[in-house]
Amino acid sequence: MSEIIHKPVLLKEVIGCLNLAPGKNIIDATIDGGGYAVAILEKIAPEGLPAGEAGKLLGIEIDNTLIRGTELRIKEAGFFENAILMNDSYVNLKKICEEKKFEPDGIVFDLGLSSWHLEQSKRGFSFKKDEILDMRFNPETQPKTAAEIINQYGVEDLEKIFKEYGEEQFAESIAKAIVRARKSKPIIRTQELVGVIEPAVPEWYKHRKIHCATKTFQALRIEVNDELENVRRGVSAAIDVLKSKGRLAVVSFQGLEDKMVKEIFKEKTKEGIIKFVVKGTIKPTWNEQKENPRSRSAKMKIVEKL
Ligand SMILES: C[S@@+](CC[C@H](N)C(=O)[O-])C[C@H]1O[C@@H](n2cnc3c(N)ncnc32)[C@H](O)[C@@H]1O
C-alpha cells in the first residue's frame, strides 16, 4: 500500500530520551509507518527475551489507509505479538488506555502529517500536485473537506483561519480572492486554489524560498483536521495516563503546535505534575537537516511525570 515510508525525524533523540528498557510499555500516539515504533520495539521487546518479560507498544494512527501498511511492517519486523495497533485519534488516549488496560512508561507524539500524505494519498495536501482538495486524515470518520471550507466559509472566517493557523500576512486578500473566484465556479482542485492565491499576493511574495500557497495550505489542513485542538487534548490526556517517572516526548513541526505544547508543559510543571527533562527544545543535527530537509523545522520537548 504505502510505498513511501516516512523518514523518521529526531529518531535517535526520541529513542534516547524515553528511558527504554526490556519490559517497558510505550505508546506511539502517531505511529504512521512505524519509523519510531519498530526502533522502540527493538528496545522493549528484544529478540530472545521470554514472552512474559517483553514490553508492549500501543500504536495509534488516525489515518485508516496508513494503519494497514503499519500492521504489515510491524508483522514483518517480527513484533506482531508485542504491538497493539489502534485506528483512532490520540484525542481518545485515555479511553484507549482504559479499554486496553495499558499503563504507559513512555509516550511519544510526532505531530503533523506523513510524507505519504503529501506524496501518495491523493487527498490534496500538496500545492505541488493537482488533486481534489480533501485533506482529511480519515475520510471515513471526518465529514468536512478542504473544498467545502474553501467554497462555503464566509470571507471573514477564511481570513481568520489563514491568519491564525497559517500566520499568512496576505490572509485578507487571499480570502477575498477565493470568495470572488468561487462565484463563477467552485474551487475543487489544488491547482485551482493555487491559481487564485498567486494573483492575490504581491510579486515579491512569489519569489521567496517557500511557495506563496504554503501557509494557506497549512491553515486549511489544520482547520480540516482540527489539529491544534487535538494536540491540546491529546497531550493533556498523555500527561494524565503516564505512569510516575514516565517520559513524554513531543516532536512538532510548526510554531503554533510547539507553542501549544510549551504552554501545556509550563502549566503542568507549575502544578507540580511534570518536570522538564531537558530545558527548552531539542533540534535535529546539521547532518540530519542535510540528509532530510523535512526535519529542518522539527523541535522536540521532553518531560517526566512526577
Ligand atoms: C509525522 S507523522 C509520524 C511519523 C512516525 N513517527 C514515523 O517515524 O514513522 C504523523 C502521523 O500522525 C498522524 N496523526 C495526525 N493526527 C492524528 C491524531 N489526532 N491521532 C492519531 N494520529 C494522528 C498522521 O496521520 C501521521 O501519520
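Which residues of helix 8 (residues 171-184) are buried? In this predicted model, they are Ala171, Ile174, Ala175, Ala177, Ile178 and Ala181. Looking down the axis of helix 8, you will find these buried residues within an arc of 165 degrees, so they line one face of the helix. Turn to the other side of helix 8 and you meet Arg180, Lys183 and Ser184, which are exposed.

What does the buried face pack against? The buried residues of helix 8 have four partners: helix 6 (146-152), helix 7 (155-166), helix 9 (190-197) and helix 10 (214-225).

Let us move on to the nonpolar cores. In soluble globular proteins, nonpolar side chains tend to be buried together. Here the largest nonpolar core has 56 residues, and the members touching the most others are Val14, Ala29, Leu41, Ala238, Ala249, Val250 and Val251. A second core, separate from that one, has 28 residues, including Ala177, Ala181, Ala213 and Leu220. Ala177 and Ala181 should look familiar, as both are among the buried residues of helix 8.

Back in the largest core, Ala238 is a good place to zoom in. Setting aside neighbours within four places in sequence, Ala238 is in contact with Ala29, Leu93, Ile107 and Leu248.

The pair Leu93 and Ala238 also leads us to a helix packing. Helix 4 (residues 93-100) packs with helix 11 (residues 227-241) at an angle of about 35 degrees, and their axes are 8 Å apart. Helix 4 contributes Leu93, Lys94 and Cys97 to the contact, while helix 11 brings Gly234, Ala237, Ala238, Asp240 and Val241. Sorted by class, this contact comprises five nonpolar residues, one polar and two charged.

Technical notes. Residues are numbered from 1 along each chain as its sequence is written. This is a predicted model: local features need pLDDT of at least 70, side-chain atom pairs count only at pLDDT 80 or more; totals for chains, interfaces and linings use all residues. A nonpolar core is a set of buried Ala, Val, Leu, Ile, Met, Phe, Trp, Tyr and Cys residues joined through C-beta atoms within 7 Å. A residue is buried if 20 or more other C-beta atoms lie within 10 Å of its own, exposed if 12 or fewer, and partly exposed in between; C-beta atoms are placed from the backbone. Two residues are in contact if their C-beta atoms, placed from the backbone, lie within 7 Å. Axes are lines fitted to C-alpha atoms, for helices over the stretch in contact, and angles run from 0 to 180 degrees between N-to-C directions. Helices (H or I, at least four residues) and strands (E, at least two) are DSSP runs, numbered from the N terminus. Ala, Val, Leu, Ile, Met, Phe, Trp, Tyr, Cys and Pro count as nonpolar, Asp, Glu, Lys and Arg as charged, and the others, Gly among them, as polar. The arc is that of the directions from the helix axis to the C-beta atoms.
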